[in-house]
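Trainee: Got a minute to go through this one with me?
Mentor: Sure, put it up.

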Amino acid sequence: MTKQVPINSRSVAITGLHRGDNPQPGASVIMSLRRRFPGLRIIGLSYDPMESSIYCRDNCRLDAVYLLPYPRTGAKALLERLDAILEKEKIEFIIPSLDSEIMNFIEVQDALSRRGIRVMLPGKAAFLRRSKENLSMLCHRLGIPTPETRAAKDIGELKKFAEQIGYPVYVKGKYYEAYLVSSEAELYSSFEELAEMWGLPVLVQEMIIGEEYDVVGLGDGHGGTIGSCSIRKMLRTSAGKGFAGVVVADPRIDNLARRFIRALRWTGPFELEFIKAPGRPHLLFEMNPRFPAWVDFPSQLGCNLPARLLERLMGTEETPLAHCDAGRMFIRHSVDVLGDISDLAELASAGERIGSPLLNFSGRS
Amino acid sequence: MADRLALQAAPPVSTADEKSTSVGGVSTVAGLRFYGNEFVFDTVSGMFFRLSTTASFILRSLVGGVSLSDLPAIMEQQYGVDHATSTRDIQLFLNELAAIEPLDRFVHDKASAY
């Protein structure tokens, strides 16, 4: 029988720590893990000292924070920084939570394994097949409905595609951000901004007006889905971010999600995004290769996918995932997190902070 | 008579094999969950609707299996209205229901019988 290591001596690193108007998933992953493993050592890997989770306490707290070089600096820079961190900090598992960094982590996966760090990530081929620029082609091959989308490598192509699809169109960055564009003039400025920020190609996609449905899940790497939860977004920000959602029980969405994950033999967390316009089927318009920012919602219903992922990585007994009943809903509630400039100073100058935020505000009123 | 459904759009689906259940004053029939007489949640599309008590009565009857041909008589009995009024109100309600994608499944199955 294998001797199990106490959870308090296990350590996991999380990225995607900012929870602003475009919330990243890290805080939700942390809360889900704390829900199941309160004593787990959680290390924040941050790209900016102003990421909000750095200053959290209670169930969202981090035991240490280290700054990472931006994803665009590449896999080698990532590994070098992780090596420096490993001289001070034991990290056994990493759950990357940002689209732009996943490829770097896939590339250093073997090197991490040699250092005793485990991750649950898709293969490079699966990752690329679902990328924004390839999703449309993959969906057509699988017979999964998707909005008409083209990938443009220059402004000439973008203009041609936009005219073929017909204005208004969405112009989307390779990883993030989308602009609704109604004219050629707007097209130029959107292209320049998105290409500079996220690189090429820039995507142009038909505009669909309808309800948005999202599926969060965990792929087992053999074509199966370990667990999932489907919601309709009830509130959307101007950037399309869901700030409220309700669980749905639609066999058509479940079927599309199963087929897609099976075809990719996806390993690890995913979020599938569908749009449903009247008279048209559900259209798959994006697959994110990580947990979404609302992943702690199903966790609170007993479908704790981040905890399940960690159990898989640890090789411990797996806790059954509860079914998410239709009608359960969440609504996002923004709060002000207290901090002190000394925390920011420490992180900005040293690139790390060991321990919780310095000030303890408890008892003040 | 009936107020109109206040509404949003979503998809049709067959849920014919679902059973009717009632828990804590909330009844679920064919994927529709009724909260009292003025609120219904479609578990398939995730859409919810406010409706009048009369609209709720017609919708509950339809999803509960009442045929369209029997519905006017049941309406007359329930609300004490004449046949012409009940028939017209039902037809108006069905027209509205048919335009709402998540709920049109309850009309299309029965329209030929009307």
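Trainee: How many bridges pair E1(B) with strand E2 of chain B, and in which sense?
Mentor: Three bridges, antiparallel, with E2(B) covering residues 26-29. This is a predicted model, where local features need pLDDT of at least 70, side-chain atom pairs count only at pLDDT 80 or more, and totals for chains, interfaces and linings use all residues. Residues are numbered from 1 along each chain as its sequence is written, with chains lettered from A and ligands numbered from 1 in the order in which they are written.

Trainee: What counts as a strand, and as a pair?
Mentor: Strands are DSSP runs of E, at least two residues, numbered from the N terminus; two of them pair if DSSP finds at least two bridges between them.

Trainee: Which residue stands opposite Thr21(B)?
Mentor: Thr28(B) in E2(B). Thr28(B) also stands opposite Arg33(B) in E3(B).

Trainee: And what links E2(B) and E3(B)?
Mentor: They form a hairpin with two residues between them, and Ala30(B) in the turn has a positive phi of about 50°. Four bridges join E2(B) to E3(B), residues 32-35.

Trainee: What's the strand order in the sheet?
Mentor: E1-E2-E3-E4-E5 in chain B, an open antiparallel sheet. E1 (21-23) and E5 (48-50) are the edge strands, each pairing on one side only.

Trainee: Switching to chain A: why is Ser356(A) classed as partly exposed?
Mentor: Because Ser356(A) has 16 other C-beta atoms within 10 Å; buried takes 20 or more, exposed 12 or fewer, with C-beta atoms placed from the backbone.
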